[in-house]
Amino acid sequence: MEQNIIIRGTGIYTPKHEVSNEYFVEHFRSLGVDVDGLMKHLNRQKRFLADRDESSLSMGYEAAKNALTKLNLNPKEIDMIVFASDTPEYNSPTNALKLNHMLGAENAHRVFDTNCNCIGMLVAMDMIAGNMQQRASVRTSLIVGSMHVSSVVRYKDSVAYPSFGDSAAALVLEKVEEEEKRGIIDSEYLTDSDYHDTIVLPECGHSKELLYEVPKEKRRLAWNPFDFSFLSDNWAKIITRLLEKNNVKIEDVNRFVFSQFSDADNLLTLEKLGVDKDKYIFIGDQYGYTGVSSPIVALNAIWDSLDKQGYLVFCSVAAGYSMNAVLYKL
């Protein structure tokens, strides 16, 4: 029998405050900057920004509740909680522990936070699947990814500010014993740390963050423009490697679930793989780029109607940069 780690279901949360492209076009026009071309290239229409009383933790809690409600799952059935974010509400205690309390998940004794930036939920899927296979006592895990970018972005940043949105996503993994192998199968990674100083939060570093002489802007996200035309070539490379080492044909992949930052780069990756765009989901036009949560927000949009056969390929990229791809058999 196979010990399969499967996706039982998903949930998301988006704030109520909806912001269209027009706001950002006018905002940057007043600064003498044109962002209309970038919005069209990235395929943006609208995004949602958190209210003042919201945080990555509160959004994560709502996403978790949404997933548990849809699955009719009692929080007491959860054995592990993992919170993935590069904008965590707390460093101590862990946000996962806070979620344990907020949800009433009293039997989830394994609780911890991770930060792999935008690939955080995919890395958590990969790592937690292996952990669950090794631990007989862990049968159900809750992974929550949340991005509160509006709390850290610079309002003169013509790339990050108009491109990103706030949101959270939740993913429930379950261990099942079955005759055939399915669920989370394998992963592939690629890291090139030469880009380590292109996207930095906070720019001043945490050791300087609370010093009164440090300008407020230095405590926020620094996005230094760089050429990321390498993205489609390297995504195609790691996806090809992932499929080849698992003897999976590209035509057997049901859907490709990518980072939702750039529609154009995603489509270019598909072109290089020889894949038709009808196997691809893009929700970045409706939600903006939501970082760590973005692949699961996309998955949530198709999960209930997905033809449960073949494979899924998840792929994303994180600051610095690191890439990963995850292979999932439906």
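Q: What makes helix H10 (residues 294-302) count as mostly covered?
A: A helix here is a DSSP run of H or I with at least four residues, while a strand is a run of E with at least two, and both are numbered from the N terminus. A residue is called buried when its relative accessible area is under 20%, exposed when it is over 50%, and partly exposed in between, with a 1.4 Å probe and protein chains only. In H10, the residues that count as buried are Ser 294, Pro 295, Ile 296, Val 297, Ala 298, Leu 299, Asn 300 and Ile 302. That is 8 of the 9 residues of H10, and the helix is therefore called mostly covered, given the cut-off for buried residues.

Q: What kind of model do these values come from, and how are they taken?
A: This is a predicted model, in which local features need pLDDT of at least 70 and side-chain atom pairs count only at pLDDT 80 or more, whereas totals for chains, interfaces and linings use all residues. Residues are numbered from 1 along each chain as its sequence is written, and side-chain values use heavy atoms, with hydrogens and water left out.

Q: Which elements help to cover the buried residues of helix H8 (residues 263-273)?
A: The buried residues in H8 are Asp 263, Asp 265, Asn 266, Thr 269, Leu 270 and Leu 273. Their cover includes helix H2 (36-42), helix H7 (230-245) and strand S11 (253-258), where contact means heavy atoms within 4.5 Å. Just after H8, Gly 274 takes a positive phi of about 75 degrees.

Q: Why is the protein chain called as compact as a globular protein of its length?
A: The secondary structure of the chain comes to 10 helices and 13 strands. Its radius of gyration is 19 Å, close to the 20 Å that the globule rule gives for 330 residues, and the chain is therefore as compact as a globular protein of that length. The radius is taken over C-alpha atoms, and the rule is 2.2 Å times the number of residues to the power 0.38. Buried residues make up 55% of the 330 residues.

Q: How do you know how many disulfides the structure holds?
A: A disulfide is a covalent bond between the sulfur atoms of two cysteines, and here it is recognised as a pair of cysteine sulfur atoms within 2.5 Å. The sulfur of Cys 116 is 11 Å from the closest cysteine sulfur, in Cys 118, which is too far for a bond. The sulfur of Cys 204 also has its closest cysteine sulfur in Cys 118, at 20 Å, and this is again too far for a bond. The structure holds 0 disulfides.

Q: Why is Glu 209 called buried, exposed or partly exposed?
A: Glu 209 has a relative accessibility of 23%, which lies between the two cut-offs, so the residue counts as partly exposed. Glu 209 sits in the loop between strand S9 (199-200) and strand S10 (222-223). Not counting residues up to four places away in sequence, Glu 209 touches Pro 202, Cys 204 and Arg 219. Glu 209 and Arg 219 are 10 residues apart in sequence, and their C-alpha atoms are 5.8 Å apart in space.

Q: What makes Asp 252 fall into its class of accessibility?
A: The relative accessibility of Asp 252 is 37%, so Asp 252 counts as partly exposed. Asp 252 is placed in the loop between H7 and S11. Leaving aside neighbours within four places in sequence, Asp 252 is in contact with Gly 310 and Tyr 311.
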